[in-house]
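Here are some exercises to work through with the structure open beside you. Try each task by yourself, then compare notes with the solution below it.

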Protein chains: 2
Amino acid sequence: MVAVRVLSTVNVNGVRAASTKGLLDWLAGTAADVVCLQEVRARPEELPEAFRATLDEHGWHLRMAPSETAKGRNGVAVLSRAEPEAVRVGFGDPATDLDGRYLEVDLPGGVTVGSLYLPKGLAGTEKQDAKDAFCKTFGDHLRTAFGRCVATGREMVVAGDWNIAPTELDLRNWRGNRKNSGFLPHERAWYAGLLEHGWADLVRDQHPDVDGPYSWWSYRGRAFDNDVGWRIDHLLGTPGVAAAATGAAVERAPSHDRRWSDHAPVTVRLGEPG
Amino acid sequence: MVAVRVLSTVNVNGVRAASTKGLLDWLAGTAADVVCLQEVRARPEELPEAFRATLDEHGWHLRMAPSETAKGRNGVAVLSRAEPEAVRVGFGDPATDLDGRYLEVDLPGGVTVGSLYLPKGLAGTEKQDAKDAFCKTFGDHLRTAFGRCVATGREMVVAGDWNIAPTELDLRNWRGNRKNSGFLPHERAWYAGLLEHGWADLVRDQHPDVDGPYSWWSYRGRAFDNDVGWRIDHLLGTPGVAAAATGAAVERAPSHDRRWSDHAPVTVRLGEPG
DNA sequence: CATGCCAAG
DNA sequence: CTTGTCATG
């Protein structure tokens with residue numbers, strides 16, 4: 001039994017733009033108790049008034065970690081119905097803690113939720129090196145956190161845009177992407193290592209042996225219409241969370257068939273419906 | 001008698017944006033024989049397909065002088081029902097000829113039309129120096145051209161965004177703008193000198209002793225709704241043109257009450273209506 | 001093909 | 001406040 005029933009994660013690709021296109025309707029209508037946001041791309045004082053109003057009206061608490069290093073970039077947040085008991089920005093990595101890529105909140109009932117925006121890479125460049133370095137230190141954090149959860153009986157979910165498609169099931173054209181960042185062998189191995197360590201991929205566990213469900217489609221071409229997507233938005237959970245999971249879904253067109261981001265919300269249910 | 005009957009000028013503030021907002025409807029509906037455009041902000045190959053289609057459908061010839069020095073900036077053009085007999089980019093000033101600020105076409109029937117986008121200044125800065133320098137050399141060109149028209153019997157109209165409000169009648173808050181570029185004493189003196197030389201302000205001649213009609217309103221605040229505008233878009237004509245002028249108007253909301261630029265089209269009629 | 005930044009208007 | 005650029009995704 002976990003104190004949170006429904007968790008969602010979505011990369012909004014700019015909360016200001018998304019708020020004009022349907023994010024607010026989605027926030028008003030979702031049954032989630034916790035929503036992790038990525039690519040907020042705004043400081044607290046830059047949030048649209050209508051966004052703040054929607055949060056107030058629907059009883060959301062907002063905690064955010066904007067980028068302090070590049071304005072209008074990155075930025076993660078956690079919305080929760082319950083007020084967080086503790087908030088941590090970053091994961092103790094001086095190289096990335098101020099980049100708006102990770103935020104962790106402790107919620108009432110012994111659940112910790114992390115919102116992650118893992119760097120995008122470009123194979124063979126310094127950007128890939130930075131992504132790999134992030135994975136290394138973040139992997140250390142995840143292992144430490146996992147051990148602490150096991151020791152204390154706490155449960156934890158790390159949700160966000162991982163920028164990694166873990167297997168051939170997780171992107172439409174895997175053959176053509178074997179040399180592209182997001183599907184590089186060492187990236188998949190890193191992700192697989194997390195699962196071997198005990199973390200559960202809550203969406204894949206609910207949908208084994210099927211293509212997708214994808215959560216990101218390029219804005220270019222007709223990628224969305226043709227469902228040429230990638231499953232790169234993941235919720236990883238501790239064993240207690242995994243045991244409680246009873247459903248997972250991607251909302252391809254989240255708000256009255258309108259798209260308001262190049263990513264779609266990914267939602268996991270814990271416990272029985274109702 | 002002049003071979004052109006209706007001339008318009010309008011600063012479109014980006015032909016790509018304007019084409020999505022109502023410029024095309026206006027072009028399809030206008031009775032003008034010649035339209036001078038400023039701030040086209042596109043190279044020929046960047047023109048929207050729908051813009052080109054509208055020109056084709058309604059029998060417009062297009063001649064343009066994009067900026068070769070800063071992409072996405074400036075750019076003037078002339079649309080004419082008749083095919084131009086000659087086209088000249090710039091006015092023989094190496095400092096500005098490639099900036100997309102002046103284009104001159106000779107039309108059948110002995111009429112020359114110039115489309116002008118005079119630089120915007122900022123009082124007390126190098127930008128003002130550049131504007132003043134442009135005025136000096138452009139003034140020389142206008143005097144030379146005027147003399148040639150007188151000598152040959154040719155008529156001429158120079159239409160565009162002059163970025164100068166000539167008198168206290170030509171902007172809403174003239175007292176507060178005496179130290180601002182566009183209403184500086186030496187700019188007004190320069191403009192007055194053109195009229196003394198024989199050029200006619202075709203719009204002011206049709207509407208003497210009244211405030212406005214303004215042709216530009218800032219996008220900031222509620223300038224348009226409150227008609228806090230400037231008359232900075234002018235058509236200057238040779239005496240034969242001035243004698244033929246029978247009407248002038250600014251189309252505040254040019255296309256079904258929609259605005260598609262911060263400037264409005266300014267139109268002059270030569271000869272009797274019909 | 002979107003985002004927000006920026007310089008420019 | 002809006003344009004088009006640019007770097008980024």
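The exercises below deal with a predicted model, and each is followed by a worked solution.

**Exercise 1. DNA strand D**

Find which residues come nearest to DNA strand D, and work out which parts of the strand they meet.

*Solution.*

Step 1: Begin with the surroundings. There are 18 residues around DNA strand D, and those that come nearest are Arg73(A), Lys127(A), Arg220(A), Ala17(B) and Arg41(B).

Step 2: Sort the surface by class. Near DNA strand D it has 11 charged, 4 polar and 3 nonpolar residues. Helix 1 of chain B, residues 15–21, gives the most to this surface, with 3 residues.

Step 3: Look at the strand's own atoms. Among those within 4 Å of the protein, 79% are sugar or phosphate atoms and the rest belong to bases.

Step 4: Zoom in on individual side chains. An N or O atom in the side chain of Lys127(A) is 2.3 Å from a phosphate oxygen of DNA strand D. For Arg73(A), a side-chain N or O atom is 2.5 Å from a sugar or linking oxygen of the strand. Arg41(B) reaches a base: a side-chain N or O atom of this residue is 3.0 Å from a base oxygen of DNA strand D.

**Exercise 2. DNA strand C**

Now take DNA strand C: which residues come nearest to this strand, and which helix gives the most to the surface near it?

*Solution.*

Step 1: Of 17 residues around DNA strand C, the nearest are Arg41(A), Tyr219(A), Arg73(B), Lys127(B) and Arg220(B).

Step 2: Helix 1 of chain A gives the most to the surface near DNA strand C, with 3 residues. The class count for this surface is 10 charged, 4 polar and 3 nonpolar residues.

Step 3: Sugar or phosphate accounts for 76% of the atoms of DNA strand C within 4 Å of the protein, and bases for the rest.

Step 4: Check three side chains in turn. Lys127(B) has a polar side-chain atom 2.5 Å from a phosphate oxygen of DNA strand C. Arg16(A) has a side-chain N or O atom 3.2 Å from a sugar or linking oxygen of the strand. In Arg41(A), a side-chain N or O atom is 2.7 Å from a base oxygen of DNA strand C.

**Exercise 3. A salt bridge of Arg16(A)**

Identify the residue that meets Arg16(A) in a salt bridge, and give the N to O distance.

*Solution.*

Step 1: The partner is Glu46(A), with an N to O distance of 4.0 Å between the two side chains.

Step 2: Place both ends. Arg16(A) is in helix 1 of chain A, while Glu46(A) is in the loop between strand 2 and helix 3 of that chain, so the pair, 30 residues apart, links distant parts of the chain.Step 3: For context, the whole structure holds 29 salt bridges over all chains.

**Exercise 4. Two helices in chain B**

Are helix 4 and helix 5 of chain B roughly parallel or roughly antiparallel?

*Solution.*

Step 1: Two packed helices are described by the angle between their axes and the distance between the axes.

Step 2: The axes of helix 4 (residues 126–152) and helix 5 (residues 185–197) of chain B come within 11 Å and cross at roughly 5°.

Step 3: Angles under 35 degrees count as roughly parallel. Helix 4 and helix 5 of chain B are therefore roughly parallel to each other.

Step 4: Look at the residues that meet. Helix 4 of chain B brings, among others, Cys135(B), Phe138(B), Leu142(B) and Phe146(B), and helix 5 of chain B brings residues including Trp190(B) and Leu194(B). By class, the contact of helix 4 with helix 5 of chain B divides into 6 nonpolar, 4 polar and 5 charged residues.

**Exercise 5. Backbone features**

Locate the cis peptide bond between Gly212(A) and Pro213(A), then find where Glu39(A), with its positive phi, is placed.

*Solution.*

Step 1: Most residues other than glycine have a negative phi, and most peptide bonds are trans.

Step 2: Gly212(A) and Pro213(A) are joined by a cis peptide bond with omega about 0°. Pro213(A) lies in the loop between helix 6 and strand 10 of chain A.

Step 3: In chain B, a cis peptide bond joins Gly212(B) and Pro213(B), again with omega about 0°.

Step 4: Glu39(A) is not a glycine, yet its phi is positive, about 50°. This residue sits in the loop between strand 2 and helix 3 of chain A.

Methods:
Residues numbered from 1 in each chain as written. Chains lettered and ligands numbered in written order. Predicted model: local features only at pLDDT ≥ 70, side-chain atom pairs only at ≥ 80, totals over all residues. Heavy atoms only, no water. Axes fitted to C-alpha atoms, helices over the stretch in contact; angles between N-to-C directions. Helix = DSSP H or I, 4+ residues; strand = E, 2+ residues; numbered from the N terminus. Parallel < 35°, antiparallel > 145°, perpendicular 65-115°, else oblique. Contact = heavy atoms within 4.5 Å. Nonpolar A, V, L, I, M, F, W, Y, C, P; charged D, E, K, R; others polar. Near = heavy atom within 4 Å. Polar contact = N/O pair within 3.5 Å; in protein donor to acceptor, adjacent residues only side chain to side chain.
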